[in-house]
Amino acid sequence: MAVEYKKLTEKELEVFIDMRINQLREEGAKEDIDLKPALREYYDRHMADGTFVSWLAVDGGKIVGTSGMSFVEKPPYFGCPSGKIGLLSSMFTSEAYRRQGIAKELLARVMNEAKEYGCGAVQITASDMGVLLYTDFGFVKNGNFMQYKL
């Protein structure tokens, strides 16, 4: 069966959340809370206001790949005069479907969403597995990125 691409809707949200949690597990995240309620609240709110979009790869009705783009705004700066930034997340392809161009297609679709939203930059914290995909697409590493956990 051929893989088809569609935007995430409320109908697919429970499976999407399960896949997001599986992605985090695969990346080695420490699972010390039930993240489902927080994810559900986030996606409900941000899908409704248009600040989160996702494209899915579907094979025979089964979701086999996910992507996500959250839109945030901060004061404009020279590298991003609009101040609108895309935060790429939820890039995941089921193991049996990897190395078939699905992630690249999903990435292209959510990057187009970021352009349409008016983003001047897109950021991601890439997994080791994803680095090649993103560098091939044109992402560059920012050695100054830092984070402080509250």
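Trainee: Why is R25 called partly exposed?

Mentor: Its relative accessible area is 43%. Buried needs a value under 20%, and exposed needs one over 50%. R25 falls in between, so it counts as partly exposed. Keep in mind that this is a predicted model.

Trainee: Where does R25 lie?

Mentor: R25 lies in helix α1. R25 is also one of the residues lining the second largest pocket.

Trainee: How far is the C-alpha atom of R25 from that of G138?

Mentor: The two C-alpha atoms are separated by 27 Å. Along the chain, R25 and G138 are 113 residues apart.

Trainee: Which element gives the most to the lining of the second largest pocket?

Mentor: α1 does, with three residues. The lining includes I21, L24 and R25, and also the run of K30, E31, D32, I33, D34, L35 and K36. The volume of this pocket is about 210 Å³.

Trainee: How do the residues of that lining divide by kind?

Mentor: Five are nonpolar, none is polar and six are charged. Asp, Glu, Lys and Arg count as charged, so R25, K30, E31, D32, D34 and K36 go into that group.

Trainee: What makes α1 oblique to α2?

Mentor: Take the angle. α1 and α2 (residues 36-48) pack at about 125 degrees, with their axes 10 Å apart. Roughly perpendicular covers 65 to 115 degrees, and roughly antiparallel means over 145. The angle of about 125 degrees fits neither class, so α1 is oblique to α2.

Trainee: What is the hand of the crossing of α1 and α2?

Mentor: α1 passes α2 in a right-handed crossing.

Trainee: Now the largest pocket. How many residues line it, and which lie nearest its centre?

Mentor: The lining has 46 residues. I124, T125, A126, S127 and Y134 lie nearest the centre. The pocket holds about 1,800 Å³ of space.

Trainee: Which elements supply at least two residues each to the lining of the largest pocket?

Mentor: Three helices and two strands do: α1 (13-26), α3 (102-117) and α4 (131-137), with β5 (84-93) and β6 (121-123). By kind, the lining divides into 22 nonpolar, 14 polar and 10 charged residues.

Trainee: Take A126 from that central group. Why is A126 called partly exposed?

Mentor: Its relative accessible area is 34%. That value is neither under 20% nor over 50%, so A126 is partly exposed. A126 sits in the loop between β6 and α4. Its C-alpha atom is 9.2 Å from that of L88, with their positions 38 residues apart along the chain.

Trainee: What is the C-alpha separation of R98 and A126?

Mentor: The separation is 16 Å, for residues 28 apart along the chain. R98 is placed in the loop between β5 and α3. At 23% relative accessibility, R98 is not under the 20% cut-off, so it counts as partly exposed.

Trainee: R99 is in that loop too. How do you know whether R99 is buried or exposed?

Mentor: Its relative accessibility is 82%. The cut-off for exposed is over 50%, so R99 counts as exposed.

Trainee: What is notable about phi of R99?

Mentor: Phi is positive, at about 65 degrees, although R99 is not a glycine. Most residues other than glycine have a negative phi.

Trainee: Which residue in strand β5 has a positive phi?

Mentor: S90 does, with phi near 55 degrees. S90 lies in strand β5.

Trainee: What makes S90 buried?

Mentor: Its relative accessible area is 1%. Buried means under 20%, so S90 is buried.

Trainee: And how do you know which class I102 belongs to?

Mentor: The relative accessible area of I102 is 4%. That is under 20%, so I102 is buried. I102 is found in helix α3.

Trainee: How far is the C-alpha atom of I102 from that of G50?

Mentor: They are separated by 24 Å, and the two residues are 52 apart along the chain.

Technical notes:
Residues numbered from 1 in each chain as written. Predicted model: local features only at pLDDT ≥ 70, side-chain atom pairs only at ≥ 80, totals over all residues. Heavy atoms only, no water. 1 Å grid on protein atoms, 1.4 Å probe; cavity = no way out; pocket = protein on both sides within 12 Å on 5 of 7 lines; lining within 4 Å. Points joined across faces, edges and corners; volume = space filled by probe spheres on them. Helix = DSSP H or I, 4+ residues; strand = E, 2+ residues; numbered from the N terminus. Buried < 20%, exposed > 50% of the residue type's maximum accessible area, 1.4 Å probe, protein only. Axes fitted to C-alpha atoms, helices over the stretch in contact; angles between N-to-C directions. Parallel < 35°, antiparallel > 145°, perpendicular 65-115°, else oblique. Left-handed = near helix turned anticlockwise from the far one by under 90°.
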